[in-house]
Amino acid sequence: MAQAAHRATGVLGIGSLALHVIAKIEYGRAAPAAVVPFADPHQRFLAGLGALALWLMVAAAVTGAARSAFVARRHPGRWRLLHGVAYLGWCSSLVHGLKAGQPESSPWVTAGYGACLLAVVVVPVWRAVRRAGAGTDDRFGVDWTLCDGHGLCAGMVPELIRIGPDGYPFVSTSPIPPYLAARAQAAARRCPTLALRVEGIRSGR
Ligand code: SF4
């Protein structure tokens, strides 16, 4: 569910970005300045941040679509690094959106950016606090289309994962206790095929 939302909002973002660039070109912005970072002679830095964000978001989208190719070549770390440029793109687009528009932005637009910024700051803090506290609801999840029975996860978190008779991991569906949270996150990060995830599951508490 979270993956589907992630992908859907990613596609929506790229579509909105394409509309934004087309609209800018339609309303008179020279095409190279709209897509080449720091090529706009009128607002070299602020407009340039927008073009930079464009390419970083495209890089994130391409690596997202090519995830299985990275997995097949066993480069999950490289994939995470390249896909993570989306954060840089988001920061660039935030400054660009707030400062490169009209001299006086609408309060609603500013409030919208503020709400996004708040959400991006609050959500990771909230997740970290929830993980640190007792009774976390995080559990392991496995994408069985990607898992190749490598077994690394069972070695890292034997309390919750063991290798079954078929050579594939048997993953406990119990909540991950706080004392295993860091190791669980490390196992998910190091899974060579990106098959292992730590998922937050709401229990209604
Ligand atoms: S480390 Fe990843 S690929 Fe290997 S067994 Fe565990 S889930 Fe499967």
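In helix H3, 22 residues at 1.5 Å a residue should span 32 Å, and the end C-alpha atoms of the helix are 31 Å apart, which agrees with that expectation. The model examined here is a predicted one, and the values reported below are computed from its atoms. The buried residues of H3 are Ala 47, Gly 48, Leu 49, Gly 50, Ala 51, Ala 53, Leu 54, Leu 56, Ala 60 and Thr 63. Val 58, which also lies in helix H3, is partly exposed, with a relative accessible area of 28%. Between Val 58 and Trp 144, which are 86 residues apart in sequence, the C-alpha to C-alpha separation is 28 Å.

Ahead of H3, the loop between helix H2 (31–35) and helix H3 (44–65) contains Phe 38, a residue that has a positive phi of about 60° although it is not a glycine. Most residues other than glycine have a negative phi. The relative accessible area of Phe 38 is 31%, so this residue is classed as partly exposed. Phe 38 and Leu 49 are separated by 7.2 Å in space, C-alpha to C-alpha, and by eleven residues in sequence; Leu 49 is itself one of the buried residues of H3.

A positive phi of about 60° is also found at Leu 194, again a residue that is not a glycine. Leu 194 is located in the loop that runs between helix H9 (181–190) and strand E4 (196–200), and, because buried means under 20% relative accessible area, its relative accessibility of 4% places Leu 194 in the buried class.

Two further helices were considered in terms of burial and length. In helix H5 (residues 76–83), the buried residues are Pro 76, Trp 79 and His 83. Viewed down the axis of H5, these buried residues fall within an arc of 55°, so they line one face of the helix. Arg 78 and Leu 81, by contrast, are exposed on the other side of H5. For helix H6 (residues 85–99), the 15 residues should span 21 Å at 1.5 Å a residue, and the end C-alpha atoms of the helix are 21 Å apart, in agreement with the expected value. Gly 89, Ser 92, Leu 94, His 96 and Gly 97 are buried in H6.

The ligand takes up a space that is the largest cavity. Surrounding the ligand are Cys 147, Asp 148, Gly 149, His 150, Gly 151, Leu 152, Cys 153, Pro 169, Cys 191, Pro 192, Thr 193 and Leu 196. When these residues are sorted by class, the shell around the ligand comprises seven nonpolar, four polar and one charged residues. Because Asp counts as charged, the charged member of the shell is Asp 148.

Glu 159 lies in the loop between helix H8 (152–156) and strand E2 (161–163). With a relative accessible area of 41%, Glu 159 is partly exposed. The C-alpha atoms of Glu 159 and Val 171 are separated by 9.7 Å, the two residues being twelve residues apart along the chain.

Key
Residues are numbered from 1 along each chain as its sequence is written. This is a predicted model: local features need pLDDT of at least 70, side-chain atom pairs count only at pLDDT 80 or more; totals for chains, interfaces and linings use all residues. Side-chain values use heavy atoms; hydrogens and water are left out. A residue is near a molecule or strand if one of its heavy atoms lies within 4 Å of it. On a 1 Å grid over the protein atoms alone, a cavity is a set of points where a 1.4 Å probe fits but cannot get out, and a pocket is an open set with protein on both sides within 12 Å along at least five of seven lines; lining residues have an atom within 4 Å of a point. A molecule sits in a cavity or pocket if more than half of its atoms lie within 2 Å of its grid points. Buried means under 20% relative accessible area, exposed over 50%, partly exposed in between (1.4 Å probe, protein chains only). Helices (H or I, at least four residues) and strands (E, at least two) are DSSP runs, numbered from the N terminus. The arc is that of the directions from the helix axis to the C-beta atoms. The expected span of a helix is 1.5 Å times one less than its number of residues.
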